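The exercises below are meant to be worked with the sequence and the coordinates open side by side. Each one gives a task and then a solution that proceeds step by step.

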Amino acid sequence: MPASMQGEMQPAVYRFKFGDFEIANIMDSKVVREGLHPSFGGERPAEEMHALARDNRIDPQRYEHPFIPTVVNTGKELVLFDTGNGALRREREQLRGRLPDGRLIERLGELGYTPADVDVVVITHGHPDHIGGLTEGGQPVFPNARYVFGAAEFDFWKRGENVREARKFNRELFVDIAVPLADRARFLKPGDEVAPGIRAVDAAGHAPGLMAYHIESGGKRLLIWADTCIHYVVAVQRPEWHIDVDDDKDKAVATRKRILDMAATEGLFIAGFHMPFPGLGLIEKSAAGHRWVPVGYQLNL
Ligand SMILES: [Zn+2]
């Protein structure tokens, strides 16, 4: 009898040693979305997107959009960067059909951690797919955690001034689930440290105060760039193209160029929230521009 079809099976957790730290990337969830264009490069002819997709052997019409939090064990503290989608799809009517169920907690379990083990939750920015796993049923998911927010990011969503139409619900959500955590939170400026070896880097643009985090241990360096680039081909090879989910389009372009240049020049490993799993790569620079080079075995040696 022929073997029965078993369906997709793909890795969802990936852990490696990084100097004195251990770092893991976790696939919270993923969705397939329609139409790279006009969500990306909407100000340009669709044909340019089709040519770019063809050159990179990807589908021009459909793309996979993963959500990949990172957890760093410094040996003293377990630090989680972003919380994925959590129960938003079930709890918030407005996000139904847009976001998948978050599976971060189940997959933290595969890594040997319970929610109670998380000492610090760092929120890179206030968009739903990053704050969604902070609470479930109105209760904090990480009972022992302290929180870290970028000061400018927290302030923007809390004040609620100049929030563009497409982010009005996002603002309500932030006020509902993130603002009440303020009394257990620290608010960082670029350059501030979360813990020794973990430093905030300004990456504003995609969100008003988006923060990337530079991780350094035992002479190794990695940048958690969060949503600096949200597609491994389009945003990296065409950083100047506008992206509809960027809150400040021009600033996002300038930030992408600056961070890509820094990553290539300094040879940083990158952990990207929306890069193909395991969301780890390096940036190569050539005359043609920048390119995402997925990590092979460099982190395993
Ligand atoms: Zn995101």
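## Exercise 1: the sheet around β16

Strand β17 (residues 280-286) pairs with β16 in the antiparallel sense over two bridges. The model is a predicted one, and the steps below should be read with that in mind.

Task: starting from the pairing of β16 and β17, establish the order of the strands in the sheet and describe how α9 lies on this sheet.

Solution. Step one is to fix the register, for which Ala271 serves well, since Ala271 stands opposite Leu280 in β17. Step two is to turn to the other neighbour: β15 is joined to strand β16 (residues 269-272) by four bridges, and these two strands run parallel. Ala271 appears here as well, as the bridge partner of Ile224. Step three continues to strand β14 (residues 211-217), which pairs with β15 in the antiparallel sense over five bridges, with Ser217 and Lys220 as bridge partners. Two residues separate the strands of this β14 and β15 hairpin, and Gly218 has a positive phi near 55 degrees there. Step four assembles the whole: an open sheet of seven strands in the order β12-β13-β14-β15-β16-β17-β18, with mixed pairing. Its edge strands, each paired on one side only, are β12 (193-195) and β18 (289-294), and the twist from one strand to the next averages 30 degrees. Step five adds the helix, for α9 packs on the sheet and touches β14, β15, β16, β17 and β18, with a direction that makes about 95 degrees with that of β17.

## Exercise 2: a threonine in α9

Task: decide whether Thr255 is buried or exposed, and find which residues distant in sequence it touches.

Solution. Step one places Thr255 in helix α9 (residues 249-266). Step two counts neighbours: 23 other C-beta atoms lie within 10 Å of Thr255, and because 20 or more are required for a residue to be called buried, Thr255 is buried. Step three lists the contacts, which, leaving out residues up to four places away in sequence, are Ala203, Ala204, Gly205 and Thr228.

## Exercise 3: the other seven-stranded sheet

Task: trace the sheet that contains β1 and β2, and say which helix packs on it.

Solution. Step one begins with β1 and strand β2 (residues 21-26), which pair in the antiparallel sense over six bridges, Phe16 having Ile23 in β2 as its bridge partner. The hairpin of β1 and β2 has two residues between its strands, and Gly19 takes a positive phi near 60 degrees in it. Step two moves to strand β5 (residues 70-73) and strand β6 (residues 78-81), which run antiparallel and are joined by four bridges, with Val72 opposite Val79. Step three gives the full order, β1-β2-β5-β6-β7-β10-β11, in an open sheet with mixed pairing. The edges are β1 (13-18) and β11 (185-188), each of which pairs on one side only, and the twist averages 20 degrees from one strand to the next. Step four brings in helix α6 (residues 151-159), which packs on this sheet by touching β10 (146-150) and β11, its direction making about 85 degrees with that of β10.

Step five looks at α6 itself, whose buried residues are Glu153, Phe154, Phe156 and Trp157. Because these residues cover an arc of only 160 degrees around the axis, they lie on the same side of α6. They pack against β10, α7 (168-177), β11 and β14. Just after the helix, Gly160 takes a positive phi of about 75 degrees.

## Exercise 4: the core and the overall dimensions

Task: identify which residues touch the most other members of the largest nonpolar core, and compare the radius of gyration with that of a compact globule.

Solution. Step one takes the core, which has 81 residues, and in which Val79, Val122 and Tyr213 touch the most other members. The element that gives the most to this core is β15, with five residues. Step two examines Val79, whose contacts, leaving out residues up to four places away in sequence, include Val71, Asp119, Val122 and Ile198. Step three returns to strand β15 (residues 220-226), which is largely enclosed by the rest of the structure because five of its seven residues are buried. Step four turns to the protein as a whole: a compact globule of 301 residues would have a radius of gyration near 19 Å, and the protein agrees with this at 19 Å. Of its residues, 45% count as buried.

Note on methods: Residues are numbered from 1 along each chain as its sequence is written. This is a predicted model: local features need pLDDT of at least 70, side-chain atom pairs count only at pLDDT 80 or more; totals for chains, interfaces and linings use all residues. Two strands pair if DSSP finds at least two bridges between them. Axes are lines fitted to C-alpha atoms, for helices over the stretch in contact, and angles run from 0 to 180 degrees between N-to-C directions. Two residues are in contact if their C-beta atoms, placed from the backbone, lie within 7 Å. A residue is buried if 20 or more other C-beta atoms lie within 10 Å of its own, exposed if 12 or fewer, and partly exposed in between; C-beta atoms are placed from the backbone. The radius of gyration is taken over C-alpha atoms; the globule rule is 2.2 Å times the number of residues to the power 0.38. A nonpolar core is a set of buried Ala, Val, Leu, Ile, Met, Phe, Trp, Tyr and Cys residues joined through C-beta atoms within 7 Å. The arc is that of the directions from the helix axis to the C-beta atoms.
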